[in-house]
Amino acid sequence: MTKAAIYLDHNAASPLLPEARAALVAALELTGNASSVHSHGRALRNLIDTARGQVAALAGADRKQVVFTGSATEAITQAIIGGAKAFSSAAVVISAGEHAAVSKAAEMTGLPVITIGLLADGSIDLDQLEEILQHAAGNLLVCLHWVNNETGVVQPVGRINALVGPTPHTLFIDAVQAFGKLPLDFAASAPDMIAVSGHKIGAPAGIGALLVKSHADVVRLIPGGGQEQGRRGGTEAAALIASFGAAASAIADRYAAANVPALIAQLEASLPSDAVVFGGTRLGNVVNFAVPGIKNATAMMGLDLLGLSVSSGSACSSGKVGPSHVLAAMGVAPELADCALRVSLGWNSTGDDVDAFVAGYRSILERQRARQGQAA
C-alpha cells in the first residue's frame, strides 16, 4: 500500500472548509479594530455581526445569545467557573465521560463535584441524575456533554432537559461534537448555556462560542473593554470569527454531500469479525472499536506510516496515548481499552478513505498476529 496522507480524525479537528478559508483571507485583508467608529472599524463590525447570525442560525439561537470566545475550552471555563459564581451554586454535577475541559473547570470552582456514572452503552445514568436533583441542598450547576468526543455516543439530551429544565438548577451542555452534526434549538430548549467550537466544523482553531440565555447574562469571566456585549472583553479576532461564521453556514450541506453516516456504516461492516465497537446510540461520523490483542499505540504507528491519521480518543492529552476514562467508565476491561481506536470522518471524507483504512488496518493486524503466532 502506498502512502496516501488520509485524515480520519475529524473529532479532533476538521480540515479547513473552502468557504472558511475564503472568509478568513478576505477578513485578513481588512485593517482596523471592530470597536472603532470609522469606516474601517464598521467594516470589521459588519463581518462579526454577520458571523454571529450564521453561528446563531446553526445553533437555533438568537444572535444576541452568541458570545465569541478564543476556544470551546474558554467557553466551557466561562460557563462553569463564571456560572458557579453567578448562580451561587452549591455543587457542580458532571458525568464520568466528560471532556477534560469540563472536569477540570468543575474542579477549579472549588465546589464539591458530583460525578454521575456511565452505563455500559456509554449513556449517562439518568436515574442517578434524577436522584441527585431530588436530594440537592441548594442550586446545582449541571454540566453534561451532548455527544461524547471519544465514542460518539449521543446522550439523551431530551430527557436531561426534562429533568433539569423545570428545576431551579442551572444546566450547561457541552455541544462541541453535536454542533453542525445534529439539529440544535438552543433558544427553545432547556439549557441555560452551551459551548461550541470552530475547528470541529471546518473553521480554524482559536475560535469558539458560548451561547447564553438572557437570564444567564450575569455569567462573565473577562471584563476588559466591554466587547461581546460586555460578556467577553478583548479585541475580537474578526478574521477567525468571520471564518467561523462561514463554516457554520457551509458545514451542514458539506456534511450531507459527503454522506458521512453511510461511510461509517461501510467502515463498520468491513471491520474484522472479532472487533468490538463501543457505544450504543452514536453519532454517524465516528466509530470507536478494538480488536483484542492489537494495542492502539502499535496500530496507530503502523497506520501513520501508511499515511492514515486516526486517534485512540481525545486529542487533548498532550499527544500521549493513555487509558481512556470514558471506556473505563463504561466498564470496558483495561486490556481491551488499550486496543481502542477512534476513526472519525467529516465533510471531505470519501469511500476511498474508508477502503484505505480498512486495507491498512487489516495489513497491520495480519502482521501483528503473524508475529504473535511465531512468538507462541
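Colleague: How many bridges join strand 9 to strand 10, and do the two run parallel or antiparallel?

Modeller: In this predicted model, strand 9 is joined to strand 10 (residues 286-290) by two bridges, and the two strands run antiparallel. As a point of register, Val 276 stands opposite Ala 290 in strand 10. The pairing belongs to an open sheet of three strands, in the order 9-10-12, with antiparallel pairing. Its edge strands are strand 9 (276-277) and strand 12 (340-344), each of which pairs on one side only.

Colleague: How should I read the faces of a strand, and which residues of strand 2 lie on each side?

Modeller: The general idea is that side chains in a regular strand alternate between the two faces of the sheet. In strand 2 (residues 66-69), Val 66 and Phe 68 lie on one side, Val 67 and Thr 69 lie on the other, and all four are buried, so that both faces are covered. Strand 2 is also joined to strand 8 (residues 208-212) by four bridges, the two running antiparallel, and within that pairing Phe 68 stands opposite Ala 209.

Colleague: Which residues touch the most other members of the largest nonpolar core?

Modeller: That core has 65 residues, and those touching the most other members are Phe 68, Leu 129, Val 142, Trp 146, Phe 179, Leu 211 and Phe 244. Another core, of 30 residues, lies apart from it and includes Val 287, Ile 294, Val 354 and Tyr 361. To return to Leu 129, its contacts, leaving aside residues up to four places away in sequence, are Val 93, Ile 116, Val 142, Leu 144, Leu 163 and Val 164.

Colleague: Where does Phe 179 lie, and is Phe 179 buried or exposed?

Modeller: Phe 179 is placed in the loop between strand 6 (170-174) and strand 7 (193-197), and because its relative accessible area is 0%, Phe 179 counts as buried. Not counting residues up to four places away in sequence, Phe 179 touches Val 55, Leu 58, Ala 59, Leu 184, Val 196, Ser 197, Ile 201 and Phe 244. Between Phe 179 and Met 193 there are 14 Å in space, C-alpha to C-alpha, and the two are 14 residues apart in sequence.

Colleague: How should I read a positive phi, and where does Ser 88 lie?

Modeller: As background, most residues other than glycine have a negative phi. Ser 88 has a phi near 50°, a positive value in a residue other than glycine, and lies in the loop between helix 3 (72-86) and strand 3 (91-95). With a relative accessible area of 59%, Ser 88 is exposed. Glu 228 also has a positive phi, near 50°, and is found in the loop between strand 8 and helix 7 (238-258), but Glu 228 counts as buried because its relative accessibility is 4%.

Colleague: How are internal spaces found, and how many cavities of 30 Å³ or more does a search of the whole structure give?

Modeller: The general approach is to roll a probe the size of a water molecule over the atoms, which shows where empty space is left. Here the search finds one cavity of 30 Å³ or more, and the volume of the largest cavity is about 70 Å³.

Colleague: Which residues line the largest cavity?

Modeller: The lining is made up of His 10, Ser 14, Lys 181, Lys 200, Ile 201, Ile 251, Tyr 255, Asn 285, Leu 345, Gly 346 and Trp 347. Sorted by class, the lining has five nonpolar, four polar and two charged residues. Ile 201, one of the lining residues, is also among the residues that Phe 179 touches.

Technical notes. Residues are numbered from 1 along each chain as its sequence is written. This is a predicted model: local features need pLDDT of at least 70, side-chain atom pairs count only at pLDDT 80 or more; totals for chains, interfaces and linings use all residues. Side-chain values use heavy atoms; hydrogens and water are left out. On a 1 Å grid over the protein atoms alone, a cavity is a set of points where a 1.4 Å probe fits but cannot get out, and a pocket is an open set with protein on both sides within 12 Å along at least five of seven lines; lining residues have an atom within 4 Å of a point. Grid points are joined across faces, edges and corners, and a volume is the space filled by probe spheres set on the points. Ala, Val, Leu, Ile, Met, Phe, Trp, Tyr, Cys and Pro count as nonpolar, Asp, Glu, Lys and Arg as charged, and the others, Gly among them, as polar. A nonpolar core is a set of buried Ala, Val, Leu, Ile, Met, Phe, Trp, Tyr and Cys residues joined through side-chain atoms within 4.5 Å. Buried means under 20% relative accessible area, exposed over 50%, partly exposed in between (1.4 Å probe, protein chains only). Contact means heavy atoms within 4.5 Å. Two strands pair if DSSP finds at least two bridges between them.
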